[in-house]
Amino acid sequence: MRLNSIECSKGELIKKNHVLLQFTGLLDKEGDEIYDMDVLLISLDKYIVFWNNVKNGWYFSPLSNRENHSPFLTKDAERMKRFGNFFELSKDSLDPDGYRDRKTTF
């Protein structure tokens with residue numbers, strides 16, 4: 001994507017029909033970069049990473065309870081596996097219990 005095709009409005013980068021996601025600066029346990037709105041796994045539990053404007057930092061919460069959030073720290077990232085991005089995953093895969101019956105572990 002050409003940089004001159006991205007607009008900046010009130011400090012937020014905008015590209016028509018695109019969602020631009022910020023890198024958290026952290027890597028998962030396999031060395032994959034973690035971005036805003038990524039869904040992460042600890043065992044079979046799913047979490048989502050997001051920027052908290054009020055607290056001015058990266059936070060994560062279980063998909064099953066988005067109100068219960070904690071600061072997203074290096075020690076957390078290093079024990080998680082990136083599953084995918086919220087905007088790319090199917091509704092079924094975002095179901096907090098959707099993969100509990102599968103035998104694959106991460």
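# Exercises on a predicted chain

Among contacts between residues at least 6 apart in sequence, 43% join residues at least 24 apart in this chain. The model is predicted, and the exercises below work through its strands, cores and some buried residues.

## Exercise 1. Secondary structure and confidence

State how many helices and strands the chain has, and in what pattern they follow. Then state which residues keep a pLDDT under 50.

Solution.

Step 1. Count the elements: the chain has nine strands and two helices.

Step 2. Read them along the sequence, which gives β-β-β-β-β-β-β-β-α-β-α.

Step 3. Check the confidence. The average pLDDT of the chain is 81, and 71% of the residues score at least 70.

Step 4. Look for the weak stretch. Over residues 99-106 the pLDDT stays under 50, and the model has 11 contacts beyond four places in sequence for these residues.

## Exercise 2. The open sheet

Work out the strand order of the open sheet of five strands and name its edge strands.

Solution.

Step 1. Start with β7 and go to one neighbour. Strand β6 (residues 45-52) runs antiparallel to β7, and six bridges join the two. One pair across them is I48 with its bridge partner S61 in β7.

Step 2. Go to the other neighbour of β7. Strand β8 (residues 70-71) pairs with β7 over two bridges, also in the antiparallel sense. Here F60 stands opposite S70 of β8.

Step 3. Add β5 and β9, which pair antiparallel over four bridges. L40 stands opposite R82 in β9.

Step 4. Write the order as β8-β7-β6-β5-β9, with antiparallel pairing. β8 and β9 are the edge strands, since each pairs on one side only.

Step 5. Examine the turn between β6 and β7. Four residues lie between the strands of this hairpin, and N56 takes a positive phi near 55°.

## Exercise 3. The faces of β7

Decide whether the residues on each face of β7 are buried or exposed.

Solution.

Step 1. Recall the rule: side chains in a regular strand alternate between the two faces of the sheet.

Step 2. Sort the residues of β7 by side. G57, Y59 and S61 are on one side, while W58, F60 and P62 are on the other.

Step 3. Apply the cut-off for burial, which is under 20% relative accessible area. Both groups are buried, so both faces of β7 are covered.

Step 4. Compare with the whole strand and chain. Six of the six residues of β7 (residues 57-62) are buried, and of the 106 residues of the chain, 32% count as buried.

## Exercise 4. The nonpolar cores

List the residues of the largest nonpolar core and find which strands supply at least two of them each.

Solution.

Step 1. List the 11 residues: L26, I34, L40, I42, Y47, V49, W58, F60, F72, A77 and M80.

Step 2. Assign them to strands. β5 (38-42), β6 and β7 each supply at least two.

Step 3. Note that there is a second, separate core. This one has seven residues, including M37, V39, Y59 and L94.

Step 4. Follow one member of the largest core, M80. M80 lies in the loop between α1 (74-77) and β9 and is buried, at 0% relative accessible area. Beyond four places in sequence, M80 is in contact with D28, K29, L40, L41, I42, Y47, F60 and F72. The C-alpha atoms of M80 and K46 are 9.5 Å apart, with these positions 34 residues apart along the chain.

Step 5. Do the same for A77. Not counting residues up to four places away, A77 touches L26, L27, D28, K29, I34 and F72.

## Exercise 5. Two buried polar residues

Explain why D38 and N85 count as buried, and find what their side chains reach.

Solution.

Step 1. Place the residues. D38 lies in β5, and N85 is in strand β9 (residues 81-85).

Step 2. Use the cut-off of under 20%. D38 is buried because its relative accessible area is 0%. N85 is buried because its relative accessibility is 3%.

Step 3. Find the polar partners. The side chain of D38 reaches the backbone nitrogen of Y35 at 2.7 Å. The side chain of N85 reaches the backbone nitrogen of F87 at 3.0 Å.

Step 4. List the contacts beyond four places in sequence. D38 touches E33, Y47, I48, V49, R82, G84 and N85. N85 is in contact with L21, D36, M37, D38 and V39.

Technical notes. Residues numbered from 1 in each chain as written. Predicted model: local features only at pLDDT ≥ 70, side-chain atom pairs only at ≥ 80, totals over all residues. Heavy atoms only, no water. Buried < 20%, exposed > 50% of the residue type's maximum accessible area, 1.4 Å probe, protein only. Contact = heavy atoms within 4.5 Å. Pairing = 2+ DSSP bridges. Core = buried A, V, L, I, M, F, W, Y, C linked by side-chain atoms within 4.5 Å. Polar contact = N/O pair within 3.5 Å; in protein donor to acceptor, adjacent residues only side chain to side chain. pLDDT = per-residue confidence, 0-100.
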